[in-house]
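Here's a walk through a protein chain, starting with an empty space inside and working outward from there. Keep the structure open and turn it as you read.

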Amino acid sequence: MPKEPHLKPSEIVQRKKKKQKVEQPIPPPPDKPQQCHYYVTRKRRYCSLPAKLTNKYCGEHLTQQEQSEGDLAKRIPCPYDNSHTVYEKDLENHMKTKCNSRPREPDVYHDLNINCTIPLSIEELEFQKNIYSHKQMHAQPWITRVQLSELSKQELDSLVNKVKHIHVPEIESSILKHPVTESKRQNLKQTKHLDQQSSLLGHMKKEGMLDNKEACFIEFGAGKGELSGYLKPAVEEINGEAAYVLVDRKLVRNKVDNTLLGQGSIRSTVQRVTIDIKDLNLSKVQAIMNKNDKKRKVIALSKHLCGSATDITLKCLMNYVQHEQDNGNKSPISGIIIALCCHQLCRYEMYPNTTYLEENQFNKVDFARLCKMSSWAICGQRPQEENDQEDEHATMTQEDEDNDQTTGHYSGLDHFDREKIGYQCKRVIDMGRVKYLEQFGFNVKLVYYVDSVTSLENCALIATPK
């Protein structure tokens, strides 16, 4: 048999990519009664929603049903959120009273762009008006326009050298556990999220954030509120002393909100705040007030608050601190713990410490490139079978060449050197956040709270008042 011709490193990478992109065959339709026959390619399974006895598809995927199988009323995408459909004849009523994505009167705590550091561009303001694009994980155009591969060798080398010369203190590795999570471990095949939640709660206990049973615990980017679900038993309040606020810009199913109320005769205060964090005026959130109309101590937490969401959260919290201190409340926040991730999605307009950037000679363009370069830390490192939000965000802004494991990369650096620089970029961004919180009287540290096998995004920011 003739030998294959010798391949260049870049050709080997391309061949590997082609092998990886081979699609798996779609399995036969399910034989389970009334299960939807729509195959969800991204999840590699059939839709789990029920269908009517007379249909093969559920209401969401009824547009897939062949017209020959029956005279179905026409379904069209909802104009407010085209991830779902509605019967055309019901569209007007759906848009007025039914659709969860319909425009509503702003809540009392809504204050447009209050947590942005500098005014947003017209392009970004227009983008935010499109509810569907803003809520789903679409790569934002101003981020995808940043292409490091288009820089000259001199420009790229200058940026790399600038990053290398910024001092970042050594970060401690401290992997903790909290017993409230352990009962679930034996029932889980994948424990990566449980490990992260357990360690975050362990650090909260270590820093005394669980001691005050009457505090208001605010989970930013809460999703279903799973972290808060573990937090409640960790706080060990049984008479509804604590308050829980869950902040997320998306409406989600299978929330834990009712669980947080508790089982006692006196229920905990639970408030879900559906808002973009950039517009959240924390001082007007009702749940922070206790039954005596006094402000509770606030403890902020989050597991993987992507990119600029971390920045506007820190800005939101420090705006609250400033507001409370102006009104005589010297220490309104008892603790902050945020698992950091997706630095490539950061925005200059939302970064809270532009003074730090200027001191290190980073302008707006440099910062955009710094954020993009941070993705070098995790490019090509995630197992193919993993498929969660963190992983999708990680690959959203990657350039085609970034998975190159050889020296054929446009930077001229091998994968090890690029990974090292990528992590340095992340920590440079994080140090600006640390210094920002220190200005408001917080003790702040970065810590590796899980190992890199559990998550490549394994750094957490922890802050407590001095």
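A cavity, as the word is used here, is a set of grid points among the protein atoms where a 1.4 Å probe fits but cannot get out, and a residue lines it if one of its atoms lies within 4 Å of such a point. Bear in mind that you're looking at a predicted model.

So what lines the largest cavity? Look for Leu340, Tyr423, Lys426, Arg427, Leu456, Glu457, Asn458 and Cys459. Helix H15 is the top contributor to that lining, with three residues. By character, the lining splits into four nonpolar residues, one polar and three charged. The volume of this largest cavity comes to about 30 Å³, and the count of cavities of 30 Å³ or more is one.

Now zoom out to the whole chain. There are 15 helices and twelve strands to find your way around. The chain has 466 residues, and 48% of them count as buried. If you take the contacts with a sequence separation of 6 or more, 68% are between residues 24 or more positions apart. On the outside, the chain exposes about 24,700 Å², with carbon and sulfur atoms supplying 49% of that area.

Next, head for helix H13, which covers residues 364-374. Which of its residues are buried? They are Asp366, Phe367, Leu370, Cys371, Lys372, Met373 and Ser374. H15, the helix we met at the cavity lining, turns up again here: residues 415-438 form this helix, and H15 is among the elements covering the buried part of H13. The cover also includes helix H5 (141-144), helix H6 (153-164) and helix H12 (354-359). While you're there, check the N-terminal end of H13, where Asn363 acts as the cap. A side-chain oxygen of Asn363 sits 3.1 Å from the backbone nitrogen of Val365.

Last stop: Ser198, in helix H8 (residues 192-206). Why does Ser198 count as buried? The cut-off is under 20% relative accessible area, and Ser198 counts as buried because its relative accessibility is 0%. The side chain of Ser198 also makes a polar contact, reaching the backbone nitrogen of His178 at 2.8 Å. His178 is one of the residues that Ser198 touches once you set aside those up to four places away in sequence. The others are Leu176, Lys177, Thr181 and Glu182.

Methods. Residues numbered from 1 in each chain as written. Predicted model: local features only at pLDDT ≥ 70, side-chain atom pairs only at ≥ 80, totals over all residues. Heavy atoms only, no water. Buried < 20%, exposed > 50% of the residue type's maximum accessible area, 1.4 Å probe, protein only. Helix = DSSP H or I, 4+ residues; strand = E, 2+ residues; numbered from the N terminus. Contact = heavy atoms within 4.5 Å. Polar contact = N/O pair within 3.5 Å; in protein donor to acceptor, adjacent residues only side chain to side chain. Areas by Shrake-Rupley, 256 points an atom, 1.4 Å probe, with all protein chains shown as cover. 1 Å grid on protein atoms, 1.4 Å probe; cavity = no way out; pocket = protein on both sides within 12 Å on 5 of 7 lines; lining within 4 Å. Points joined across faces, edges and corners; volume = space filled by probe spheres on them. Nonpolar A, V, L, I, M, F, W, Y, C, P; charged D, E, K, R; others polar.
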